[in-house]
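Me: I have just opened this structure and would like to learn how to read it. Could you walk me through a few features, one by one?

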Amino acid sequence: MPTGSFCLLPSQIVADVLASFHAHLEKDGVLILDTELPSWFVKGEIDIQDIPLGEMTGILFTGIAQDIDWYDQKVSYSHRYELVENGKVIETELSNFELNWYGIQEFTQLLKGAGFSDMRHEVGYGDLKNDSLITFIAKK
């Protein structure tokens, strides 16, 4: 499960999801899962991206970093997606986006609680020692 997608899951179901992953793996199967720490988060920061879909069509994405909750371990964003055709916005979608994060020891214990063994982790895919991405590798 790449690039922190796991962090989109509500924290109250994480233990059940990990147990389900464990149950669906074959004997000696391996779970490889990325989590992300919010080391890059800056409240109020605006991210704007132009995503081309065709010659005269694209999506204009605007993300605004809303809040960081150190106690509940989550960050929140407001996202706006605008479908643009021939220079005009023809459709807009708004969403609230939350990412949960987990410390290395905390997540290792969650994996252990789900039945995994032989657990290890890498930071930044093994290349970037100060990266916010943490990859957990755990064996059934």
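Me: Which side chains meet in a salt bridge with Asp 28?

Reply: Side chains of opposite charge can pair when their charged atoms come close. The term salt bridge here means a side-chain nitrogen of Lys or Arg within 4 Å of a carboxyl oxygen of Asp or Glu. In this predicted model, Asp 28 meets Lys 139 at 3.9 Å, N to O. The two sit in distant parts of the chain, 111 residues apart: Asp 28 is in the loop between H1 and E1, and Lys 139 is in strand E7. Asp 28 also pairs with Lys 27, at 3.8 Å, N to O. Through shared partners, Lys 27, Asp 28 and Lys 139 become one network.

Me: What should I know about the numbering and the model itself?

Reply: Residues count from 1 along each chain as its sequence is written, and side-chain values use heavy atoms, with hydrogens and water left out. The model is predicted, so local features need pLDDT of at least 70 and side-chain atom pairs count only at pLDDT 80 or more, while totals for chains, interfaces and linings use all residues.

Me: Are the members of that network buried or exposed?

Reply: Buried means under 20% relative accessible area, exposed means over 50%, and partly exposed is in between (1.4 Å probe, protein chains only). Lys 27 is exposed, because its relative accessible area is 72%. Asp 28 has 43%, so it is partly exposed, and Lys 139 is partly exposed too, at 29%.

Me: How many salt bridges are there in the whole structure?

Reply: A search finds 6. Among them is the pair of Asp 67 and Lys 43, at 3.7 Å, N to O. This pair also links distant parts of the chain, 24 residues apart, with Asp 67 in strand E3 and Lys 43 in the loop between E1 and strand E2 (46-52). Lys 43 is exposed because its relative accessible area is 59%, whereas Asp 67 is partly exposed at 36%.

Me: How do I read the labels such as E3, and in what order do the elements run?

Reply: Helices (H or I, at least four residues) and strands (E, at least two) are DSSP runs, numbered from the N terminus. The protein has 2 helices and 7 strands, and their order from the N terminus is α-β-β-β-β-β-α-β-β.

Me: Which residues touch the most other members of the largest nonpolar core?

Reply: A nonpolar core is a set of buried Ala, Val, Leu, Ile, Met, Phe, Trp, Tyr and Cys residues joined through side-chain atoms within 4.5 Å. The largest one has 14 residues, and Phe 6, Leu 18, Leu 31, Leu 33, Phe 107, Leu 111 and Phe 116 touch the most other members. At least two residues of this core come from each of helix H1 (14-24), strand E1 (30-36), helix H2 (104-113) and strand E7 (133-139). A second, separate core of 8 residues includes Cys 7, Ala 65, Ile 68 and Val 75.

Me: What does His 22 touch?

Reply: Touching, or contact, means heavy atoms within 4.5 Å. Leaving aside residues up to four places away in sequence, His 22 touches Ala 114, Gly 115, Phe 116 and Lys 140. His 22 belongs to helix H1 and is buried, because its relative accessible area is 16%.

Me: And what are the dimensions of the protein?

Reply: Along its principal axes, the C-alpha trace spans about 55 × 35 × 30 Å. Of the 140 residues in the protein, 31% are buried.
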